[in-house]
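This report examines the fold, the ligand surroundings and selected loop positions of the structure shown below.

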Amino acid sequence: MRFASTLALAALALMVARAHAEGAMPAGNAAAGKAKAAVCGACHGMDGNSADPQYPKLAGQQASYIYRQLVLFKTGVRQNPIMLGMAMPLSAQDMADLAAYFSQQKIRPGVADPRLVKAGQALYRGGDRAAGVPACMACHGPDGLGNPGAVYPHLAGQHAQYVNAVLTAWHDGTAWGKTQHALIMPTIAKSLTPQQIAAVSSYIAGLHTAAPAATVASGVNPSAFAQGGLPR
Ligand code: HEC
Ligand code: HEC
C-alpha cells in the first residue's frame with residue numbers, strides 16, 4: 001500500500017518535472033502584458049493589429065501559440081533575427097503576460113481578393129486530395145479560429161502577405177523544429193503550388209466570423225512545447 005503510493009508520488013513528480021522541461025506556460029497577466037507590449041507595438045501595432053503586412057497580427061491569436069513562438073524565437077528554433085533580439089530578454093513570465101495581452105485584443109480582418117476566393121476556399125475547406133493536402137479547417141477550424149488546446153493558431157484575418165511568406169518558407173524547406181507538431185505545416189506546404197499558396201493566403205486574410213465563437217477551453221498539448229521548450 002505504502003509502496004504503491006510512493007510509486008504514484010514518484011510518477012507524479014516525474015510528470016511535473018517533464019511538463020516543466022517541455023515548457024509548460026505560466027499563467028499570464030494581460031494588464032502586465034500591456035505594459036510590456038509597448039516595444040512590440042512599433043511593428044505589430046499597440047493592439048496587435050499591425051499596419052505593415054509583413055508583420056503578423058497578434059490580436060486574437062491563441063495565447064498558447066504566441067507563447068510557443070516566443071520560446072521558439074528565443075531558442076533560435078524559429079529563425080528570425082529581429083524576433084531573436086526581441087525575445088532574448090523575455091522571461092517565461094514576460095512571454096505569458098504578452099501572450100495574454102495580445103490574445104485578448106480584437107483582430108481587424110482584411111479583405112480577400114475576389115478573384116482568389118473560390119480556389120482559396122476550396123483548398124481551405126476541402127484540401128487537395130490528389131496532392132495529399134488535408135483541409136486547413138480540419139485543424140484551424142471552419143472560421144479560422146484555431147484551437148488553443150492543440151496549439152493550432154488562429155488564422156482568420158491574418159495579413160495575406162505574411163501568410164504567403166510563411167507558407168512559402170515551409171514549402172521551401174524551413175521548419176520550426178523537428179517535433180511532430182513542428183513538422184505538420186512543412187509537410188503540408190511542400191505539396192502546395194505557389195498559386196494555391198496565394199489563393200489560400202488571400203482567403204485567410206478575408207476570413208472572419210460575424211459573431212464571436214465560443215472559445216475552446218482545454219488543456220494545452222504538451223507536445224507543442226516538446227522541442228526548444230523553455231529556456232532552461
Ligand atoms: C522591429 C519589428 C518587430 C518588433 C519590434 C517585434 N516584432 Fe514580433 N515579429 C516581427 C517579424 C518580422 C515577425 C515575423 C517573423 C517570421 O517571419 O518568422 C514577427 C513575428 C512574431 C510572432 C509570431 C507570430 C505568428 O503568427 O507566428 C510573435 C508571437 C511576435 N512576433 C511577438 C512579438 C512580441 C511579443 C514583441 C515585443 C516584445 C515583438 N514581436 C516585437 C517583427 C517585430
Ligand atoms: C493537422 C493539423 C493542421 C492542418 C491540417 C493545417 N495546419 Fe496550419 N498549422 C498547424 C500547426 C500545428 C501550426 C503551428 C506550427 C508551429 O507552431 O510549429 C500551424 C500554423 C499555420 C500557419 C502559421 C500561422 C502564423 O500565424 O504564423 C499558417 C499560415 C497555416 N498553418 C496555414 C495552413 C493552411 C493554409 C492549411 C491548409 C492547406 C493548414 N494550415 C493546415 C496545424 C495544421
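G110 touches G157, H159, A160, A205 and G206, with residues up to four places away in sequence left out; contact here requires C-beta atoms, placed from the backbone, to lie within 7 Å. G110 is located in the loop between helix 6 and helix 7. Between the C-alpha atoms of G110 and G157, 47 residues apart in sequence, the distance is 5.5 Å. Because 19 C-beta neighbours lie inside 10 Å, G110 counts as partly exposed. By definition, a residue is buried if 20 or more other C-beta atoms lie within 10 Å of its own, exposed if 12 or fewer, and partly exposed in between, with C-beta atoms placed from the backbone.

The model is predicted: local features need pLDDT of at least 70, side-chain atom pairs count only at pLDDT 80 or more, and totals for chains, interfaces and linings use all residues. Residues are numbered from 1 along each chain as its sequence is written, while chains are lettered from A and ligands numbered from 1 in the order in which they are written.

**Overall fold**

The protein chain has eleven helices and zero strands; helices (H or I, at least four residues) and strands (E, at least two) are DSSP runs, numbered from the N terminus. Of the 232 residues in the protein chain, 37% are buried. Among contacts with a separation of 6 or more, 76% join residues 24 or more positions apart.

**The loop between helix 8 and helix 9**

Both H154 and V151 lie in the loop between helix 8 and helix 9. H154 is buried, with 24 other C-beta atoms within 10 Å. Its C-alpha atom is separated by 5.4 Å from that of Q61, 93 residues away along the chain. Apart from neighbours within four places in sequence, H154 is in contact with G60, Q61, Q62, G144, L145 and G146. V151 has a positive phi of about 60° although it is not a glycine. With 22 C-beta neighbours inside 10 Å, V151 also counts as buried.

**Helices 6, 9 and 11**

Nine of the twelve residues of helix 6 (residues 92–103) are buried, so this helix is largely enclosed by the rest of the structure. The buried residues are M95, A96, D97, L98, A99, A100, Y101, F102 and S103. Their cover includes helix 2 (30–36), helix 3 (38–44) and helix 4 (63–74).

Helix 11 (residues 194–206) is mostly covered, with eleven of its 13 residues buried. Helix 7 (117–126) and helix 9 are included in what covers those residues.

The lengths of helix 6 and helix 11 may be set against the expected span, which is 1.5 Å times one less than the number of residues.

| Helix | Residues in helix | Expected span | Distance between end C-alpha atoms |
|---|---|---|---|
| Helix 6 | twelve residues | 16 Å | 16 Å |
| Helix 11 | 13 residues | 18 Å | 19 Å |

The end-to-end distance agrees with the expected span for helix 6 and for helix 11.

Helix 9 and helix 11 pack at an angle of about 145°, with their axes 8 Å apart. Axes are lines fitted to C-alpha atoms, for helices over the stretch in contact, and angles run from 0 to 180 degrees between N-to-C directions. A160, V163, N164, L167, T168 and H171 of helix 9 meet I197, A198, S201, S202, I204 and A205 of helix 11. By class, this contact has seven nonpolar, five polar and no charged residues; Ala, Val, Leu, Ile, Met, Phe, Trp, Tyr, Cys and Pro count as nonpolar, Asp, Glu, Lys and Arg as charged, and the others, Gly among them, as polar.

**Ligand surroundings**

A residue belongs to a ligand's surroundings if its C-beta atom, placed from the backbone, lies within 6 Å of the molecule. Ligand 1 is surrounded by 16 residues, the closest being C40, C43, P56, Q69 and N80. Helix 3, helix 4 and helix 5 (81–87) each give two or more residues to this shell, and helix 3 gives the most, with five residues. The shell around ligand 1 has 13 nonpolar, three polar and no charged residues.

Around ligand 2 there are 23 residues, of which P134, C136, C139, W176 and A182 are the closest. Helix 8 (137–140), helix 9 (160–171) and helix 10 (180–190) each supply at least two residues of this shell. The largest share, five residues, comes from helix 10. In the shell around ligand 2 there are 19 nonpolar, three polar and one charged residues.

Key: Contact = placed C-beta atoms within 7 Å.
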